[in-house]
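User: I'm new to reading protein models and would like some help. Could you walk me through this one, feature by feature?

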Amino acid sequence: MMTVYGVPGWGSAISEVMLTLAEIPYKFVDVTGFDAEGPQRDLLKIRNPLCQVPTLVLENGDIMTETAAIALMILDRRPDLAPAVHHPERQQFQRLLIWLVANVYPTFTYADYPERWTADAPLQLKTSCLEYRKSLYLWLNDRLIAEPYAFGEQLTLLDCYLAVMRSWGPGHDWFQEHTPNISAIADAVCQIPQLRTVLKNNEII
Ligand SMILES: N[C@@H](CCC(=O)N[C@@H](CS)C(=O)NCC(=O)O)C(=O)O
């Protein structure tokens, strides 16, 4: 069985929700506090020098990191969780999956620990990252339908990202007011009975 090193509600929640949807069993190791020196950080660092969650140890002992890579790995086992190879939506699925981790995720990397990147203006960095993130979500919202998921009736791994990310900054109320499609997709994912426990464990519902 694979192991997910994570913190409830953090980026590991994306991998947990995707694995649960794909019915791939895993063991969860809580490394809360890993972002400060201590035993949890040591536990993570020997597996992932970037010291980020999610970090997975696969069934064969290999390390797997990066939520988008984890999504691709899951799709090898469960291709039905993305638009099919010759489906016109497939490229947009691929584009948006990478777009989220390439553009939105770094705003957390810089805003969550601004003092790492600037000694002079940590608050300014935090604020500008948040504003940039909002602009990204506004762009994304206009490219999504919510009928009820991002690609219509077919539930995909992209929907898992949206359900988890909607629980992060700028916060539930902002999404509801400014990005109704993202909000509605996240709500639809939160209604899926199979995901109830994992979403609860990660304080998403
Ligand atoms: N690109 C990575 C980003 C993972 C990431 O930044 N996770 C955050 C938690 S939500 C983290 O571990 N932050 C600690 C740090 O960057 O030092 C992914 O998609 O998995």
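Analyst: Just after helix α1, Glu 23 takes a positive phi of about 60°. Helices here are DSSP runs of H or I with at least four residues, strands are runs of E with at least two, and both are numbered from the N terminus. A word on the source: this is a predicted model, in which local features need pLDDT of at least 70, side-chain atom pairs count only at pLDDT 80 or more, and totals for chains, interfaces and linings use all residues. Residues are numbered from 1 along each chain as its sequence is written, and side-chain values use heavy atoms, with hydrogens and water left out.

User: Is α1 mostly covered or uncovered?

Analyst: Covered: 10 of the 10 residues in α1 are buried, where buried means under 20% relative accessible area, exposed over 50%, and partly exposed in between (1.4 Å probe, protein chains only). Among them are Ser 12, Glu 16 and Leu 21.

User: How do I read the pattern of buried residues in a helix, and which ones are buried in α3?

Analyst: An α-helix has 3.6 residues a turn, so residues three or four places apart point the same way. In α3, which spans residues 67-77, the buried ones are Thr 67, Ala 68, Ile 70, Ala 71, Met 73, Ile 74 and Leu 75.

User: What do the buried residues of α3 pack against?

Analyst: Contact means heavy atoms within 4.5 Å. The buried residues of α3 pack against three strands, β1, β3 (55-57) and β4 (63-65), and also against the helices α1 (12-21), α4 (90-112) and α7 (157-165).

User: Which residues does Thr 3 touch?

Analyst: Thr 3 sits in strand β1, residues 2-6. With neighbours within four places in sequence left aside, Thr 3 is in contact with Lys 27, Val 29, Thr 55, Leu 56 and Val 57. Its relative accessibility is 12%, so Thr 3 counts as buried.

User: How many helices and strands does the whole protein have?

Analyst: There are 10 helices and four strands, arranged along the sequence as β-α-β-α-β-β-α-α-α-α-α-α-α-α. The radius of gyration is 17 Å, close to the 17 Å that the globule rule gives for 205 residues, so the protein is as compact as a globular protein of that length. That radius is taken over C-alpha atoms, and the rule is 2.2 Å times the number of residues to the power 0.38. Buried residues make up 49% of the 205.
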